[in-house]
Amino acid sequence: MDRAAKADLVSTLNGVFSSTSVVVVAHYKGLTVADMQKLRAQMKQAGATVKVAKNRLANIALEGTDVASIQPLLKGPTLLAYSSDPVAAAKVAVDFAKANEKLVILGGAMGTTALNPDGVKALASLPSLDELRAKIVGLVQAPATKIAQVVNAPAAKLARVFGAYAKTGDAQTDEAA
């Protein structure tokens, strides 16, 4: 890698570290190319990204960012998983690590907060942004549905009462005849 490419990579990583909400650091020693491709595909599907970069260049890119607390974790063969959704990268990394013991989560950062491996696992157990949005929409729609049911209930009850009277009226008419 020439000097210009390294400078470009550092500036790209610095932009990522400045704009992302969560970064997960993991060791990937022993993962096959197929495993890495699978991990990248799962991350992409969740809206996250996996990057393998030289630790020295990643350390330079971390300078002055909120997630600079991950610098001590950058030792050995590390990968960086990041996403704008605070849960996506952690969730995919933890799920992948459960299925493949060669991916070892070292920790991460969420904004200025440093996370240990247990913190990353706790973050992964939270519902994603899309799941939270769905729950909010469900909660907003539920009262509207209940209001519609309450408003329609008296009319339905009246219809049942009139129907019952009509049946008894038909029964009385049949008996009289």
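The exercises below walk through the fold of this predicted model, each with a worked solution.

Residues are numbered from 1 along each chain as its sequence is written. Local features need pLDDT of at least 70 and side-chain atom pairs count only at pLDDT 80 or more, while totals for chains, interfaces and linings use all residues; side-chain values use heavy atoms, with hydrogens and water left out.

**Exercise 1. The overall plan**

Find how many helices and strands the chain has, and in what order the elements run.

Step 1. Start with the count: the chain has six helices and five strands. Helices (H or I, at least four residues) and strands (E, at least two) are DSSP runs, numbered from the N terminus.

Step 2. Now walk along from the N terminus, and you will meet α-β-α-β-α-β-α-β-β-α-α.

Step 3. Check the burial: 31% of the 177 residues of the chain count as buried. Buried means under 20% relative accessible area, exposed over 50%, and partly exposed in between, using a 1.4 Å probe and protein chains only.

Step 4. Look at contacts with a separation of 6 or more: residues 24 or more positions apart account for 78% of them. Contact here means heavy atoms within 4.5 Å.

**Exercise 2. The sheet**

Work out the strand order of the sheet, and which strands stand at its edges.

Step 1. Trace the pairing, where two strands pair if DSSP finds at least two bridges between them. The open sheet of five strands has the order β2-β3-β1-β4-β5, with antiparallel pairing.

Step 2. Inspect the ends: β2 and β5 (113-115) each have a single partner strand, so one side of each lacks a neighbour in the sheet.

Step 3. Add the twist, which averages 20° from one strand to the next.

Step 4. Zoom in on β3. Six bridges join β3 to β1, with A81 as the partner of V24. Four bridges join β3 to β2, and here S83 is the partner of A48.

**Exercise 3. Both faces of β3**

Sort the side chains of β3 by direction, then decide why the strand is largely enclosed.

Step 1. Recall that side chains in a regular strand alternate between the two faces of the sheet.

Step 2. Apply this to β3: T78, L80 and Y82 point one way, and L79, A81 and S83 point the other way.

Step 3. Six of the six residues of β3 are buried, so the rest of the structure largely encloses this strand.

**Exercise 4. The nonpolar cores**

Identify the residues that touch the most other members of the largest nonpolar core, and the element that gives the most to it.

Step 1. Fix the term: a nonpolar core is a set of buried Ala, Val, Leu, Ile, Met, Phe, Trp, Tyr and Cys residues joined through side-chain atoms within 4.5 Å.

Step 2. The largest core has 24 residues, and V24, L39, M43, L103 and I105 touch the most other members.

Step 3. At least two core residues come from each of β1 (22-27), α2 (33-46), β2 (48-51), β3 (78-83), α4 (88-99) and α5 (117-125). The biggest contribution is from α4, with seven residues.

Step 4. Follow L103 outward: beyond its neighbours within four places in sequence, its contacts include A26, L39, L79 and F96.

Step 5. Look for a second, separate core: it has 18 residues, among them L9, L62, V67 and I70.

**Exercise 5. Two helix pairs**

Classify how α1 packs on α3, and how α4 packs on α5.

Step 1. For α1 (residues 3-19) and α3, the angle is about 50° and the axes are 8 Å apart. Axes are lines fitted to C-alpha atoms, for helices over the stretch in contact, and angles run from 0 to 180 degrees between N-to-C directions.

Step 2. Angles under 35 degrees count as roughly parallel, over 145 as roughly antiparallel, 65 to 115 as roughly perpendicular and the rest as oblique. The α1 and α3 pair is therefore oblique.

Step 3. The axes of α4 and α5 come within 8 Å and cross at roughly 110°, so these helices are roughly perpendicular to each other.

Step 4. Find the residues that meet: A90, K91 and V94 in α4 face V120, K121, L123 and A124 in α5.

**Exercise 6. Two loop residues**

Decide whether T65 and D85 are buried or exposed.

Step 1. T65 lies in the loop between α3 (55-62) and β3. With a relative accessible area of 10%, T65 is buried.

Step 2. D85 lies in the loop between β3 and α4, and at 13% relative accessibility D85 is buried.
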